[in-house]
Amino acid sequence: MKPKILSTLPGYRGADFLADAVAGVTVAMVAIPLSLAIAIASGVPPGVGLVTAIVGGFLISALGGSRVQIGGPTGAFIVVVAGVVAAHGQDGLILATLMAGVVLVAAGALRAGRLIALVPEPVIDGFTIGIGIIIAASQLPDALGLHLAHVPAEFLPKLGAIWAARGQIDPAALGVTVGTMALIVLLRRAFPRFPGLIVAVGATSALGLALGLGVDSIGSRFGALPDHLPRPALPEMSYARVVELLPSALVIAFLAGIESLLSALVADRMIGGRHRPNAELMAQGWANIGSALMGGLPATGAIARTATNVKAGGRTPVAGLVHALVILVVMMVAAPLAGALAMPALAGLLLLTAWNMTEPAKWRHRLALRRGDQGLLLLTLGLTVLADLTIAIGVGVGAGLALRLARRDVPSDWTPPAH
């Protein structure tokens, strides 16, 4: 249960802090546009994403069981968060996040961190790919510059509404979207350690403004971003509301636990370390409680940002603390600049995020899986996209465990996804 930061600080030197500070600033530049885009896609004000990255990111690094884990809002939560906001409002989301935090703290106290091995890989792959598909569909209106009076929540009706509005496609918005995606890919390949996300999104947004393309920005659609953290406050609670939101809270807790432990495993393989899974679950719990009290989104370990931290030279949890503090400083002094980011540019960023969530490098491996595993992946994917994430997780895990028992399999040492 001991946080990793307590193990890494003895003997901590100036050179270690310099490496952590550089990595923290680098990751913050990646996290800022992602946090804004994830919040918008989740149906909440963009500033909520920054609050989550600051509060959740700080607590995950301060209390977590990984040396280099970076926490904050992630794409995996977009689907469930958008559903909770649509059904119960933002206050309902805050309560569900608070409840999920309590569940995660309890899971850590009960030493449930090792149970990740019981979740079959095809189930994780299936709902990860499904979430990526849903995220991509949700970004098409902004990517194409469509102004739809009503966007259906369900996947197939949403595609139908977008297709019906195809005559309204704005070439300028589409150009900003494609340009942002191309620039992100180019910068990643040419300068893998450089925070290309913020440069790409900022450059295409500035170009769109300079050329007078008239594309929507964060500021034009949502107003000014906040320049300070809100005061902590408890959401409205009642027995009926807690019972009503319990299924959503359990899904949030499950996703936060799975993604944080997968991210910690990926980090272990990159640095040759070993994380403390129960301490990590506890940290996720307190981070979600803290984020909820500040009106934020669910938070978890972010695999891509954690990998960026390692590649940028992060050595200890101090890098994560620096990352959170840098985002806070940016919020306080540069909120108007962030508000000028173009919506099509953020849509392009999320379209690439959705693509990466499908992990194209693993497609050949998936085609070689046994038919039962392929069926399990497709079942989970289909239920995620066409039905409900809660149903997909429940049915997928149940079917996967039944398949494993039928084969008399044992948990395998599989490679966790890195999206």
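Helices, meaning DSSP runs of H or I with at least four residues, are numbered from the N terminus, and helix 11 is followed by Gly-295, whose phi is positive, near 80 degrees. This is a predicted model, in which local features need pLDDT of at least 70 and side-chain atom pairs count only at pLDDT 80 or more, while totals for chains, interfaces and linings use all residues. Residues are numbered from 1 along each chain as its sequence is written, and side-chain values use heavy atoms, with hydrogens and water left out.

**Helix 11**
- Helix 11 covers residues 277-293, and its end C-alpha atoms are 24 Å apart, which agrees with the 24 Å expected for 17 residues, where the expected span is 1.5 Å times one less than the number of residues.
- Of these 17 residues, 14 are buried, so helix 11 is largely enclosed by the rest of the structure; buried means under 20% relative accessible area, exposed over 50%, and partly exposed in between, with a 1.4 Å probe and protein chains only.

**Val-330 in helix 13**
- Val-330 lies in helix 13, which covers residues 318-339, and Val-330 is partly exposed, with a relative accessible area of 21%.
- Leaving aside residues up to four places away in sequence, Val-330 touches Met-29, Ile-32 and Ala-335, where contact means heavy atoms within 4.5 Å.
- Although Val-330 and Ile-32 are 298 residues apart in sequence, they are 8.8 Å apart in space, C-alpha to C-alpha.

**Ile-327**
- Again leaving aside residues up to four places away in sequence, Ile-327 touches Ala-28, Ala-31, Ile-32, Leu-50, Ala-53 and Ile-54.

Definitions and conventions:
Helix = DSSP H or I, 4+ residues; strand = E, 2+ residues; numbered from the N terminus.
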